[in-house]
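Here are my comments on the model you sent, set out as numbered points. Please read them with the structure open beside you.

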Amino acid sequence: MSIIRKLLIQGIRSFDPQNQDIIEFYAPLTIIVGQNGCGKTTIIESLKYITTGELPPNSKGGAFIHDPKLVGESEVKAQVKLRFYNVSQRSMTCVRSMLLTQKKATVTQKTLEGALSFDSTPTEDKVSISSRCADLDAMLPEQLGVSKAVLENVIFCHQEESNWPLAEASVLKKRFDEIFAATRYTKALESIKTIRKTQAVDIRVQRTELSHLEEKKGKAERVRIELQKTNVSVESYTSRINNALSQEATVTAQIEALTEQLQEYMSLRTVVEGLQMSLEQKAASFKELEANTAILDVATEELQRMHSEITQKIASQDSDAQGRRDECDSLKAKLAEAQNNMYGILSEIGHLQGAQASLEEKMLNRLAVINEFCEKHNITIDVSIDAEKRAIECTTRLVGMITGADKERETIRHQAESEEKKLQLEVDGVQQKIYSFNGTAEMSDAQHGSNTAEIAQVQAKHDSLLVDAAEISMVESKLETEKQNLAGINAD
């Protein structure tokens with residue numbers, strides 16, 4: 001259980017800002033007795049402020065702090081300090097400070113930095129927590145072991161708010177919910193309902209997934225049985241295939257052996273047939289040579305001489321044939337080069353013909369444009385001359401027309417500038433008249449204002465001293481005259 005020990009008050013309401021007043025609380029009961037206005041309620045308000053951070057009702061604008069005018073100062077610093085034992089029976093101190101500044105027409109209240117400290121013990125050092133890095137309004141109720149709503153509405157309830165049990169039903173329910181923390185249980189129930197709905201949806205989804213998984217499991221069992229049967233069949237077929245492969249290997253070896261023997265036989269047969277054919281051809285050639293050959297009775301030297309002559313003739317004929325073949329190759333190369341030149345000339349002729357056709361077309365287009373331009377601008381050109389001279393003559397006349405148009409445009413521009421200057425002079429004159437009329441109108445307005453003031457004075461005199469009607473009628477006539485003058489000026 002937490003216990004409040006001492007309360008220090010300085011500069012709060014009627015408490016002097018220059019002195020520190022300390023109130024000590026005793027167990028089990030402390031009774032505060034005093035005259036009206038001596039500060040009994042201020043003690044309760046200070047306890048509420050130091051524990052919850054809430055100012056008392058009707059204390060905005062610095063009413064909770066001592067009035068600076070009473071001490072003749074522009075600033076008053078207020079401080080509330082509380083020393084207590086928390087729920088763990090450890091001594092703690094909380095300090096809250098405020099500053100009230102009196103200006104010419106306004107009063108500014110400012111909350112200064114507060115602090116919550118754990119007092120030192122024989123085993124632990126002092127630890128301080130600033131309001132800049134912690135929420136003192138939330139930490140104080142935790143250390144006291146009492147909710148903020150109980151501190152505000154029950155323990156340190158202000159006398160002006162003590163009739164809250166007689167408030168409207170909605171306000172009363174809200175207060176009771178805050179005191180008994182019913183909102184927390186309501187939120188917990190809502191959270192439970194939300195979780196229940198979510199879990200119900202999850203259960204339905206999981207049941208659906210379970211049914212799908214059961215179907216898939218049945219399919220998997222069927223597939224597994226079929227797989228086992230298939231594996232048995234595959235094993236039987238594999239054994240049969242292995243047997244067939246072993247038999248195939250044996251037969252293949254036999255076939256290869258027979259193939260090698262057949263190839264050897266065929267090769268021997270081919271050699272024999274070739275030898276027979278060669279023998280037959282040689283026999284036939286021998287018979288033919290024997291039939292066509294005449295035996296000459298010539299000496300060996302003569303045969304050698306004839307052989308050398310025939311060899312020389314053959315060599316000369318071979319050289320002649322080679323020369324003619326070289327000449328034929330050179331003629332073929334020249335023919336190919338001439339063909340290539342001819343193809344290039346033909347291609348160039350085609351390009352030139354295309355360029356000539358394009359040029360003729362452009363000349364016709366130019367002649368059509370020249371004729372159209374001459375008809376549009378009423379230019380007469382001798383049609384008997386050729387197209388080039390016609391183009392030159394048209395260009396010359398066009399340049400002359402452009403030069404004339406430029407001169408005419410320059411003349412018109414000078415005339416426009418002179419006309420603009422004249423108009424500007426007229427505008428300046430009109431603006432000068434407007435300025436003079438405006439000055440006259442301002443003077444008339446000023447005269448009208450003075451006349452109006454004079455009428456007001458006369459009317460006051462009439463009301464207070466009963467001035468005769470002659471003076472009033474004179475002033476009114478004067479006013480009418482000024483009004484007519486002003487209307488005439490405005491009309492001008």
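1. Helix 7 is followed by Asn-378, and the phi angle of Asn-378 is positive, near 55°. Please keep in mind, here and in every point below, that this is a predicted model, and that the values I quote are computed from it.

2. Helix 7 itself runs over residues 300-377, which makes 78 residues, and the distance from its first C-alpha to its last is 114 Å, close to the 116 Å expected at 1.5 Å a residue. Which residues of helix 7 are buried? They are Leu-367, Ile-370, Phe-373 and Cys-374. An α-helix has 3.6 residues a turn, so residues three or four places apart point the same way.

3. Ala-321 also lies in helix 7, but Ala-321 counts as partly exposed, because its relative accessibility is 29% and the label buried is kept for values under 20%. If you would like to follow the course of the chain here, take Ala-321 and Leu-335, which are 14 residues apart in sequence and 21 Å apart in space, C-alpha to C-alpha.

4. Helix 4 covers residues 148-155, and within it Ala-149, Val-150, Leu-151, Glu-152 and Asn-153 are buried. What covers these buried residues of helix 4? The cover includes helix 1 (40-52), helix 3 (136-144) and helix 5 (169-179).

5. Ser-117 has its place in strand 6, and at 7% relative accessibility Ser-117 counts as buried. Leaving aside residues up to four places away in sequence, Ser-117 touches Ser-91, Met-92 and Thr-93, and also Lys-126, Val-127 and Ser-128.

6. A search of the whole structure finds 10 salt bridges, and I comment on some of them in this point and the next two. Side chains of opposite charge can pair when their charged atoms come close. Glu-113 forms a salt bridge with Arg-132, in which the closest N and O atoms are 3.6 Å apart. This pair links distant parts of the chain, 19 residues apart, with Glu-113 in the loop between strand 5 (107-111) and strand 6 (115-118), and Arg-132 in the loop between strand 7 (127-130) and helix 3. Glu-113 is partly exposed, with a relative accessible area of 41%, whereas Arg-132 is exposed, with a relative accessible area of 72%.

7. Arg-224 and Glu-221 give a salt bridge in another setting, where their side chains meet at 2.6 Å, N to O. Why are Arg-224 and Glu-221 separated by about one helical turn? The reason is that they are 3 residues apart in helix 6 (residues 182-292). Arg-224 has a relative accessible area of 39% and is partly exposed, and Glu-221, at 34% relative accessibility, counts as partly exposed too.

8. Glu-410 and Arg-413 both lie in helix 8 (residues 387-465), 3 residues apart, about one turn of the helix. They form a salt bridge whose closest N and O atoms are 2.1 Å apart. Glu-410 is partly exposed, with a relative accessible area of 27%, and Arg-413 counts as partly exposed at 35% relative accessibility. When you describe this pair, please mention Glu-417 as well, since Glu-410, Arg-413 and Glu-417 are linked in a network of salt bridges.

9. The largest pocket holds about 580 Å³ of space. Its lining is made up of 21 residues, and those that lie nearest its centre are Ile-3, Ile-4, Phe-25, Tyr-26 and Pro-28. Strand 1 (3-10), helix 1 and helix 4 each supply at least two residues of this lining, and the largest share, 4 residues, comes from helix 1. Sorted by kind, the residues of the lining divide into 17 nonpolar, 3 polar and 1 charged.

10. The second largest pocket has about 160 Å³ of space, and the residues that line it are Ser-147, Lys-148, Ala-149, Asp-177, Glu-178, Ala-181, Thr-183 and Arg-184. The elements that give two or more residues to this lining are helix 4, helix 5 and helix 6. How many residues of this lining are nonpolar, polar and charged? The lining of the second largest pocket has 2 nonpolar, 2 polar and 4 charged residues.

Conventions
Residues numbered from 1 in each chain as written. Predicted model: local features only at pLDDT ≥ 70, side-chain atom pairs only at ≥ 80, totals over all residues. Heavy atoms only, no water. Buried < 20%, exposed > 50% of the residue type's maximum accessible area, 1.4 Å probe, protein only. Contact = heavy atoms within 4.5 Å. Expected span 1.5 Å × (residues − 1). Salt bridge = Lys/Arg side-chain N within 4 Å of Asp/Glu carboxyl O. 1 Å grid on protein atoms, 1.4 Å probe; cavity = no way out; pocket = protein on both sides within 12 Å on 5 of 7 lines; lining within 4 Å. Points joined across faces, edges and corners; volume = space filled by probe spheres on them. Nonpolar A, V, L, I, M, F, W, Y, C, P; charged D, E, K, R; others polar.
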